[in-house]
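Good morning, and thank you for making time for this presentation. I would ask you to keep the sequence and the structure in view while I speak.

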Amino acid sequence: MAEIITNEKKKVLSCIQPSGMLTLGNYLGALKNWKNMQEEFDCTYAVADLHAITVRQEPAKLRAQIYSTYAIMLALGLDPEKSTLFIQSHVAEHTALSWLLSCNTQFGEMSRMTQFKDKSAKHANNVNVGLFSYPVLMAADILLYQPDFVPVGADQKQHLEIARDIAIRFNNLYGDVFKIPEPYIPKAGARVMSLQDPEKKMSKSDENQNAWVAILDDKDTIIRKFKRAVTDSEACVRMSEAQPGISNLITIYSVITGKTPAEVEKEFEGRGYGDFKLAVGEAVADELAPIKAEYDRFIGDKAELERIFREGDMKAERVARKTYFKAMKKVGFVL
Ligand code: TRP
């Protein structure tokens with residue numbers, strides 16, 4: 001028994017919203033690590049489709065994006081045998097637990113969430129209650145699966161923090177139900193900036209199409225976008241604050257090739273920006289090409305895709321139900 005326990009892998013949970021085109025930023029900042037973590041951890045990954053409707057969505061588009069995001073997860077090499085890969089809305093315990101948690105979350109603490117402030121300013125005509133309580137649903141996503149670690153980027157750190165606060169409070173009031181998850185900062189990860197304005201994060205909502213690369217872009221498009229990437233004026237491939245454009249490209253190249261920034265500088269010593277931009281474009285295109293090919297295969301076979309996510313949904317549900325009923329019981333509900 002002791003042996004079984006010590007051999008047990010630590011648990012990781014993360015989710016991604018099905019918000020249209022995923023970018024190279026999503027890939028290098030998060031998704032590439034999801035794949036790497038699969039060997040070391042017991043991973044649960046979901047398409048957080050319920051979160052998507054905190055802003056207005058077109059039904060047909062949302063549906064297509066849910067399929068597409070799930071297909072991308074598979075195409076990346078996430079393995080449904082090793083990990084649990086599911087669709088959030090298919091496991092009803094997420095919304096159910098979020099009610100229990102909502103009644104144990106204070107209005108005041110939610111009001112401090114910076115993303116709510118940003119998003120409500122951006123969507124001023126639709127400041128709905130779901131947008132406000134979104135971190136509680138995210139807390140439910142996490143706590144249902146009792147993970148040890150949650151990999152999150154800077155923009156989600158505050159939400160993980162509140163999930164921990166809610167869990168600690170709940171455990172204190174009702175007894176131990178939830179594991180308190182830790183943030184996971186991956187060894188190799190990157191904050192990828194816009195190719196057109198390296199002071200801004202790479203974002204698919206950027207109006208300038210040359211500012212971002214989609215995971216599913218084809219080779220020519222990727223190379224063209226890198227050729228057009230803004231560079232700096234030192235005319236050498238060197239990482240420095242004075243060269244945000246080149247530094248961003250060095251980061252991208254370095255995460256993809258596994259070379260350190262110093263090694264990258266050395267490789268391109270005495271060579272111009274043009275050479276370097278082409279090399280980065282080619283490295284990115286070569287990395288993404290097999291993902292796109294796999295994606296095309298999965299998205300072309302909806303029946304198979306559905307079979308895979310139904311299985312993942314059931315695996316997730318078994319774990320989620322256990323935690324949910326434990327929480328219900330502790331709060332005093334009759335089961
Ligand atoms: N809110 C996250 C985002 O917008 C997505 C998300 C939903 C998530 N539930 C989660 C991330 C649970 C980590 C854990 O990116």
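Glu234 and Arg238 meet through their side chains in a salt bridge, with 3.0 Å from N to O. Please bear in mind that we are looking at a predicted model. Are these two partners buried or exposed, or something in between? Glu234 has a relative accessible area of 32% and is therefore classed as partly exposed. Arg238, at 36%, is likewise partly exposed.

Ala235 deserves a word here. Its phi is near 60 degrees, which is a positive value in a residue other than glycine. Ala235 sits in the loop that runs between α10, residues 219-227, and α11, residues 244-257. With a relative accessible area of 53%, Ala235 passes the 50% cut-off and so counts as exposed.

A second residue with a positive phi is Gln146, where the angle is near 50 degrees; this too is a residue other than glycine. Gln146 belongs to the loop between α8, residues 129-143, and β4, residues 149-151. Here the relative accessible area is 18%, and because the limit for burial is under 20%, Gln146 is buried.

Let me return to the charged pairs. As a general point, side chains of opposite charge can pair when their charged atoms come close. How many salt bridges does a search of the whole structure find? The search gives 16.

One further example is the pair of Lys225 and Asp217, whose closest N and O atoms are 2.8 Å apart. Both partners of this bridge fall below the burial limit: Lys225 has a relative accessibility of 5% and so counts as buried, and Asp217, at 16%, counts as buried as well.

The next example lies within a helix. Arg307 and Glu304 join their side chains in a salt bridge of 3.0 Å, N to O. Both residues lie in helix α14, with a spacing of 3 residues, about one turn of the helix. Arg307 counts as partly exposed because its relative accessibility is 42%, and Glu304 is partly exposed at 29%. The pair does not stand by itself, for Glu304, Arg307 and Glu311 are linked in a network of salt bridges.

Which element gives the most to the positive patch? That is again helix α14, residues 302-331, which supplies 4 residues. The patch on the surface is formed by Lys11, Lys322, Lys326, Lys329 and Lys330. Lys329, to take one of them, lies in helix α14 and has a relative accessible area of 59%, so that it is exposed.

Finally, I turn to Tyr184. This residue is found in strand β5, which covers residues 182-184. Its relative accessibility is 13%, and Tyr184 therefore counts as buried. What is Tyr184 in contact with, leaving aside its neighbours within four places in sequence? The contacts are Met37, Phe41, Phe149, Val150, Pro151 and Val152. As for Tyr295, 111 residues away along the chain from Tyr184, the C-alpha atoms of the two are separated by 27 Å.

To close, I would leave you with two pictures: the buried pair of Lys225 and Asp217, and helix α14, which holds Arg307 and Glu304 and gives the most to the positive patch. Thank you for your attention.

Key. Residues are numbered from 1 along each chain as its sequence is written. This is a predicted model: local features need pLDDT of at least 70, side-chain atom pairs count only at pLDDT 80 or more; totals for chains, interfaces and linings use all residues. Side-chain values use heavy atoms; hydrogens and water are left out. Helices (H or I, at least four residues) and strands (E, at least two) are DSSP runs, numbered from the N terminus. Buried means under 20% relative accessible area, exposed over 50%, partly exposed in between (1.4 Å probe, protein chains only). Contact means heavy atoms within 4.5 Å. Patches are made of residues with over 30% relative accessible area and no salt bridge: like charges are joined within 9 Å, nonpolar side chains (Val, Leu, Ile, Met, Phe, Trp, Tyr) within 5 Å. Accessible areas come from the Shrake-Rupley method with a 1.4 Å probe; for residues, only the protein chains shown count as cover. A salt bridge is a side-chain nitrogen of Lys or Arg within 4 Å of a carboxyl oxygen of Asp or Glu. Lys and Arg count as positive and Asp and Glu as negative; His and the chain ends are not counted. The place of a charge is taken as NZ of Lys, CZ of Arg, CG of Asp or CD of Glu.
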